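I opened my notebook to keep track of what I looked up, one stop at a time. Have the structure on screen and follow along.

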Amino acid sequence: VTYVFNWPIVFTYLPAFIGGLGIGLGIALAALVLGSIIGLALASVATDWPALFMRPVRIYVEVIRNVPLLLWAYFAFYGLPRLGVRSLDNYSSFVAALSLYAGAYLTEVFRSGLASIPARYREAAKSLGLTASQRLLIVTLPLMFRIVLPSLSNTFISLFKDTSIAAALAVPEVTFTAQRVNIDTFRIIEAWSIASVIYLGVGYFLANLLRLLERRTRMVR
Amino acid sequence: VSAVLSWAPQLMAGLLLTLEMTVVAIGLSSAVGFCGGLGLLYGPLPLRAVLRVCVDCVRGLPVLVLIFAVYYLPGVAAMSIDAPTAATIALGIFGGAHLSEVVRGGIGSLPRLQLEAAKAIGLTSGQRLQLIVLPLAIPRMVPPWVNTGVEVLKGTSLASLIGAADLLYIAQSGVGTTFDPLPFYMCAAAIYFSFCFALSRFGTALEDRYRYREY
């Protein structure tokens with residue numbers, strides 16, 4: 001049996017692949033933003049609030065991280081309507097699942113970021129007479145973001161890879177497109193090599209872009 | 001809830017397949033990772049270059065793409081592979097690439113002094129590896145090794161997408177049959193959680209145990 005390459009027919013699907021790439025990046029970005037909000041809120045609860053509130057935060061982080069993302073995606077898509085949430089389609093329920101996932105990882109990231117800000121910065125801000133919210137907005141957060149930026153960019157790249165799981169909910173991103181091409185045309189090698197090139201290329205590009213950003217915002221210590 | 005109970009035998013069988021895939025894939029990853037890591041450190045330049053490209057490519061791809069690729073690729077030669085095997089191989093490759101980095105990092109970060117001392121007392125390279133390098137490096141590799149194990153265990157859930165009847169697949173068919181999603185998802189989540197959490201706790205315990213054994 002000889003395998004016949006047929007690139008032209010696979011190339012007719014290029015618009016679908018490009019569209020899928022856009023969808024994947026959009027989902028990853030949405031999850032990064034929503035996840036950062038969750039992570040920031042929970043990290044500040046874990047840092048500043050009484051120890052009593054630590055426990056629910058830890059439970060959230062551990063429960064989310066120790067259950068596969070695919071199960072959360074199914075839960076958001078098939079399970080939430082049973083709990084009265086009927087407004088989510090396959091895109092938004094996957095974004096919801098991925099945001100919860102990102103939130104759990106980012107809680108840890110932000111928590112260690114907050115913990116690594118030297119106490120003297122906060123003391124200096126206090127002695128200048130800044131209020132608690134001013135201290136947070138103009139001292140703690142800007143410092144923390146510079147510290148966590150590398151972890152944040154790694155999280156974004158792995159979120160982009162995780163968007164492949166949206167294929168299970170028939171979201172037409174890159175993996176779903178590759179699978180469709182595979183089934184429609186039987187051009188197995190072509191379909192999966194295009195998908196691989198897209199994931200590797202985007203990952204490489206993002207890693208370099210974000211490294212540039214890190215270099216420009218690096219804190220002088 | 002009673003629906004889940006009546007599905008208990010199937011769920012059990014699904015869990016067994018999940019655990020079987022996990023154990024085999026972790027074994028496979030460890031073997032690949034050990035060889036890959038040593039190759040990355042001590043191999044001749046061409047081998048090192050090839051391994052670096054392979055490791056970076058595998059780490060840059062989503063696990064799901066690896067699983068689909070391994071599952072569909074035998075079709076090129078008009079052959080087929082069953083879903084659990086394909087998923088196990090894919091997860092073995094995925095874990096192997098990550099563990100190659102772990103092994104490389106664990107050995108590469110050893111203080112030079114130890115290695116030079118071992119050389120100075122006249123140990124051969126095999127003896128150095130066996131008597132000095134591995135006993136020093138393995139404690140450092142254990143925590144990331146366990147983390148990779150958790151990732152592999154969670155990754156087996158993706159096998160359901162190529163039709164392997166693992167825990168998530170069975171839970172999903174339970175949902176499809178009874179139209180009662182919540183109990184099935186909660187049951188599956190509880191099972192995944194207890195295995196993953198136990199595994200990562202085990203990792204933390206090992207980490208604590210070896211923390212003060214740095215030289």
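**Entry 1: the loop between H7 and H8 of chain A**

I started in the loop between H7 and H8 of chain A, where I found Ala170(A). A reminder to myself before going on: this is a predicted model. The backbone of Ala170(A) caught my eye, since its phi is positive, about 60 degrees, although the residue is not a glycine. Is Ala170(A) buried, exposed or partly exposed? I looked up a relative accessible area of 42%. Buried would need under 20% and exposed over 50%, so Ala170(A) is partly exposed.

I stayed in that loop for Ser164(A), which sits between helix H7 (132-162) and helix H8 (174-185) of chain A. Ser164(A) has a relative accessible area of 1%, so I noted it as buried. Which residues does Ser164(A) touch, once those up to four places away in sequence are left out? From chain A I listed Glu173(A), Thr175(A) and Tyr199(A). Chain B adds Pro62(B) and Leu64(B) to the list.

**Entry 2: two more residues of chain A**

Next I went to helix H7 of chain A itself, for Arg135(A). I had to check the cut-off here: the relative accessible area of Arg135(A) is 19%, and buried means under 20%. Arg135(A) is therefore down as buried. Leaving out residues up to four places away in sequence, I found Arg135(A) touching Arg122(A), Ala125(A), Lys126(A), Leu130(A) and Thr140(A).

Thr47(A) took me to helix H2 (residues 14-48) of chain A. At 32% relative accessibility, I put Thr47(A) down as partly exposed. How far apart are Thr47(A) and Arg111(A), in sequence and in space? They are 64 residues apart along the chain, and I read 6.8 Å from C-alpha to C-alpha. Arg111(A) and Leu114(A) are what Thr47(A) touches, with residues up to four places away in sequence not counted.

**Entry 3: chain B as a whole**

I then moved over to chain B and asked how many helices and strands it has. I counted nine helices and zero strands, and from the N terminus on the order reads α-α-α-α-α-α-α-α-α. I put a box around its C-alpha atoms along the principal axes and got roughly 70 × 45 × 25 Å.

Of the 215 residues in chain B, 47% are buried. I also looked up the accessible surface of chain B, about 10400 Å², with 69% of it belonging to carbon and sulfur atoms. For contacts in chain B, I took pairs at least 6 apart in sequence, and 77% of these join residues at least 24 apart.

**Entry 4: H2 and H3 of chain B**

My first helix pair in the notebook was helix H2 (residues 8-42) and helix H3 (residues 45-60) of chain B, whose axes come within 8 Å and cross at roughly 130 degrees. That angle makes H2(B) oblique to H3(B). The crossing of H2(B) past H3(B) is left-handed.

Which residues meet there? On the H2(B) side I wrote down Gly36(B), Gly39(B), Leu40(B) and Leu41(B). Their partners in H3(B) are Leu47(B), Arg48(B), Leu51(B), Arg52(B) and Val55(B). By class, I sorted the contact of H2(B) with H3(B) into five nonpolar, two polar and two charged residues.

**Entry 5: H4 and H5 of chain B**

I turned to helix H4 (residues 63-72) and helix H5 (residues 83-108) of chain B, where the axes come within 8 Å and cross at roughly 130 degrees. H4(B) is oblique to H5(B) because of that angle. I noted the crossing of H4(B) past H5(B) as right-handed.

From H4(B), the residues in the contact are Val63(B), Leu66(B), Ile67(B), Val70(B) and Tyr71(B). They meet Ala83(B), Ala86(B), Ala87(B), Ile89(B), Ala90(B), Leu91(B), Ile93(B) and Phe94(B) of H5(B). What classes do these residues fall into? I got 13 nonpolar, no polar and no charged residues for the contact of H4(B) with H5(B).

My last stop was Ala78(B), in the loop between H4 and H5 of chain B. Ala78(B) is not a glycine, yet I read a positive phi of about 55 degrees. At 56% relative accessibility, Ala78(B) goes down as exposed.

Technical notes
Residues are numbered from 1 along each chain as its sequence is written. Chains are lettered from A and ligands numbered from 1 in the order in which they are written. This is a predicted model: local features need pLDDT of at least 70, side-chain atom pairs count only at pLDDT 80 or more; totals for chains, interfaces and linings use all residues. Side-chain values use heavy atoms; hydrogens and water are left out. Axes are lines fitted to C-alpha atoms, for helices over the stretch in contact, and angles run from 0 to 180 degrees between N-to-C directions. Helices (H or I, at least four residues) and strands (E, at least two) are DSSP runs, numbered from the N terminus. Angles under 35 degrees count as roughly parallel, over 145 as roughly antiparallel, 65 to 115 as roughly perpendicular and the rest as oblique. A crossing is left-handed if the near helix is turned anticlockwise from the far one by less than a right angle, and right-handed if clockwise. Contact means heavy atoms within 4.5 Å. Ala, Val, Leu, Ile, Met, Phe, Trp, Tyr, Cys and Pro count as nonpolar, Asp, Glu, Lys and Arg as charged, and the others, Gly among them, as polar. Buried means under 20% relative accessible area, exposed over 50%, partly exposed in between (1.4 Å probe, protein chains only). Accessible areas come from the Shrake-Rupley method with a 1.4 Å probe; for residues, only the protein chains shown count as cover.
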